[in-house]
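Me: I would like to go through this model and ask, term by term, what stands behind the words used to describe it.

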Amino acid sequence: MTYKVTEEGNISTVFLNGEIDMDVTDKAKEVILPLVESGKEVHLNLKDVSYMDSSGISVLIESHQKALEKNTKVVVKEVSKSVLKVIMMAKLEQILNLE
Amino acid sequence: MNFYNSAVNQISETKDFLVNSSSLKDIRTFSRNVFDKINLPQEQKDELVLAIAEAAQNIVKHGYKGVEETSDRMEIKISLKDDELEIGFFDKGKAVVPENIKHRKLDDIKPGGLGTFFIKEIMDAAVFKKDQKGWINHLVLTKKI
């Protein structure tokens, strides 16, 4: 997994790339959670994420819940078809902010 | 070229992997390579790869909980006979008590606890067999495809 972060005003966008599994969740959390904890609105762009397992889904849930605690939000954007299927299997499409 | 013409209905492929999260990518590659030989919609192949990866992840995460590093290996066997797909997982981690395996309730939104749910959603059955053949655990996932 690789990533790139861009900033625009109070919005940080994290572009994740590759496959997100248990092996890379710590790395993903290290990138995303500090941004959320700083109170910024965080956009996670998943257009280049080709695979995500339950560990990756856990990162999305943790980020979402941390954002609620901090009165901000995490928006999950441009989800690839294969990742959307996993999100829907977990019945999270109504919970996460998908755009 | 029609790749489906060369699809087979009988497969038996086995590979072993180091018990480590870094092996998950190799496990997916192995699974994808096997499923490329079978005439199945891509979507179903992706689901099967996810189920295999989740079962392997459970071995790393739960079977070896508290173990920093191990040289142990796990073995994965993918077999297809006609329309019966069987995926076997052998490991030497902590003995699994099948009755203790639970996935979290989906409406209890929290990180974790989804892997087993995904396996149950994707596969027809997940059974721990008693024929461990020198291993500690032998999980068998089956699905009619």
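What follows is a set of questions and replies on the terms used for this structure.

Reply: This is a predicted model, in which local features need pLDDT of at least 70 and side-chain atom pairs count only at pLDDT 80 or more, while totals for chains, interfaces and linings use all residues. Residues are numbered from 1 along each chain as its sequence is written, and chains are lettered from A in the order in which they are written.

Me: Why is A:N71 called exposed?

Reply: A residue is exposed if 12 or fewer other C-beta atoms lie within 10 Å of its own, buried if there are 20 or more, and partly exposed in between, with C-beta atoms placed from the backbone. A:N71 has 7 such neighbours inside 10 Å and therefore counts as exposed. This residue sits in the loop between α2 and β4 of chain A, where helices (H or I, at least four residues) and strands (E, at least two) are DSSP runs numbered from the N terminus.

Me: What makes A:E78 partly exposed?

Reply: A:E78 has 15 C-beta neighbours inside 10 Å, so it counts as partly exposed. Its place is in the loop between β4 and α3 of chain A.

Me: What is the phi of A:E78, and what is that of A:N71?

Reply: Phi is near 50° in A:E78, a positive value in a residue other than glycine, and near 55° in A:N71, again positive and again not in a glycine. Most residues other than glycine have a negative phi.

Me: How do you know that β4 and β5 of chain A are paired?

Reply: Two strands pair if DSSP finds at least two bridges between them. Strand β4 (residues 74-77) of chain A is joined to β5(A) by 2 bridges, and the two run parallel; A:V76, for one, has A:L98 in β5(A) as its bridge partner.

Me: Which are the edge strands of the sheet in chain A?

Reply: The sheet is open, with 5 strands in the order β1-β2-β3-β4-β5 and mixed pairing. Its edge strands are β1 (2-8) and β5 (97-98) of chain A, because each pairs on one side only.

Me: Why does the radius of gyration of chain B agree with that of a compact globule?

Reply: The radius is taken over C-alpha atoms, and the globule rule is 2.2 Å times the number of residues to the power 0.38. For 145 residues a compact globule would have a value near 15 Å, and chain B has 15 Å, which is why the two agree. Of these 145 residues, 32% count as buried.
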